[in-house]
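User: I'm new to this structure and would like a close look at one part of it. Could you walk me through the place where the two chains meet?

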Amino acid sequence: MKLLLVCNPGGHFATMMGLKSFWSAYAREWVTYPKWDTQSLCDKEIVNWVEMQEARMLGKACINFTKALTILDKSKPDLVISTGASLAVPFILASKGFGIKTMFIESITRAHELSLSGKLVYNLVDEFYVQWPECVQRYPKAQYKGVIA
Amino acid sequence: MIIFTLGTIFFPFDRAANWLQILLQEEIIIEPVLFQHGATSVTRLNHPLLTNVASLTTDEMHAAVKQASLVVSHAGQGSTRMLAGMGAGFVLIPRLKRYGEHVDDHQLLFARAVERFGVHYCTELEQLIQYIKQPPSPLRKKLFDAPLLAEHLMTRYRVLNLQK
């Protein structure tokens, strides 16, 4: 199984690093944009650098959607995993076009309501995880299987 | 030493920077401050006790936290989990939407949600002053004492692979 790990820098990147015990067992490539923390990936991981895309940046999301098509076509992952935030949207959308399985993990900051990215991909992804059990009542498709420590 | 960190996201957090300025000017803070200001402008901020840095590497931040008597941080989940994990004494200042500090108020909701685990946060300068005068003690237990999602995924995908 090959993975594509998609995340914004900062807390979302820290969350993905928290899943290392899972993803390190598989072949993988990353998608993020360069910042003080994600740049540390350079030495040891295969990284597809994309446009800086933060919340509500529609233009950047469109550019990254076309980048997503190229990256997915080249990388051919079996599963696309995103811990958010905004980068999840173009990549999960593009994955649907290729019929690639997708997973979204909502930020632990979202105890009651999903993030905008979470809401946008909620109906698209194959597996949707939240990190608070309360969230499942409001979003029945979401699963609570624990936190990322 | 006190660490004051606003994270490195691209939204400015001028309110917190202004509070820091007041705390130094009023001599409520009388020890050195390491200020990771990220995208927030610090051109007006100048004080002999203050060291401004846009961003620290993870290792630099860890080393600084180990020496700090108190960490004042924006309520980002990455920072919060790092501080809780390191056993630091810390207080959070949530970024708020109405001041253009983030896209929505999830930092405030997050701070409220983790308050039940013993995390301290403040939304007013007066509250922060109290925390400077009386720093909160480090958390005694893990912040999120729950099953690990990574373990669930490891089991789930091992099973799926075997079934192939």
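How much area is buried between chain B and chain A, and what percentage of that do carbon and sulfur atoms give?

Analyst: Sure, let's stick with that interface. Keep in mind that this is a predicted model.

The area buried between chain B and chain A comes to about 3100 Å², and carbon and sulfur atoms give 63% of it. On the chain B side, Arg81(B), Leu149(B) and Tyr157(B) lose the most area to chain A; together they make up 21% of what that side buries. If you'd rather think in residues, 32 residues of chain B are in contact with 35 residues of chain A.

Now for the polar side of things. Between chain B and chain A, 14 residue pairs are in polar contact. Which parts of chain B do the touching? Helices H3 (77-85), H4 (106-115) and H6 (149-163) of chain B are the elements that each give two or more residues to the side that touches chain A. H6(B) has the largest share, with 10 residues. Sorted by kind, the residues on that side of chain B are 18 nonpolar, nine polar and five charged.

Let's stay with H6(B) for a moment. Arg156(B) sits in this helix and reaches across the chains to Glu127(A), which is in strand S6 (residues 127-130) of chain A. Their side chains meet in a salt bridge, 2.8 Å from N to O. The two ends have rather different surroundings: Glu127(A) has a relative accessible area of 3%, so it counts as buried, while Arg156(B), at 30%, is partly exposed. There's a third partner too, as Lys101(A), Glu127(A) and Arg156(B) are linked in a network of salt bridges. Leu160(B) also lies in helix H6 of chain B, and with a relative accessible area of 28% it is partly exposed.

What about other salt bridges across the interface? The rule finds three of them between chain B and chain A. One joins the side chains of Arg116(B) and Glu134(A), at 3.4 Å from N to O. For context, a search of the whole structure turns up nine over all chains.

Next, have a look at H3(B), another of the helices on the side that touches chain A. Its buried residues are Gln77(B), Ser79(B), Thr80(B), Arg81(B), Leu83(B) and Ala84(B). You've met Arg81(B) already, among the residues that lose the most area to chain A. The buried residues of H3(B) pack against helix H1 (11-17) of chain A, and also against parts of chain B, namely helix H2 (58-67), strand S4 (70-74), strand S5 (90-93) and H4. After H3(B) comes Gly87(B), with a positive phi near 70°.

Finally, here is how these helices fit into the chain as a whole. Chain B has six helices and six strands, and along the sequence they follow the pattern β-α-β-β-α-β-α-β-α-β-α-α. Its C-alpha trace spans about 65 × 30 × 30 Å along the principal axes. To get a feel for that, find Leu160(B) and Glu124(B): they are 36 residues apart in sequence and 50 Å apart in space, C-alpha to C-alpha. Of the 164 residues in chain B, 50% are buried.

Conventions. Residues numbered from 1 in each chain as written. Chains lettered and ligands numbered in written order. Predicted model: local features only at pLDDT ≥ 70, side-chain atom pairs only at ≥ 80, totals over all residues. Heavy atoms only, no water. Contact = heavy atoms within 4.5 Å. Buried area = accessible area lost by both parts, 1.4 Å probe. Salt bridge = Lys/Arg side-chain N within 4 Å of Asp/Glu carboxyl O. Polar contact = N/O pair within 3.5 Å; in protein donor to acceptor, adjacent residues only side chain to side chain. Helix = DSSP H or I, 4+ residues; strand = E, 2+ residues; numbered from the N terminus. Nonpolar A, V, L, I, M, F, W, Y, C, P; charged D, E, K, R; others polar. Buried < 20%, exposed > 50% of the residue type's maximum accessible area, 1.4 Å probe, protein only.
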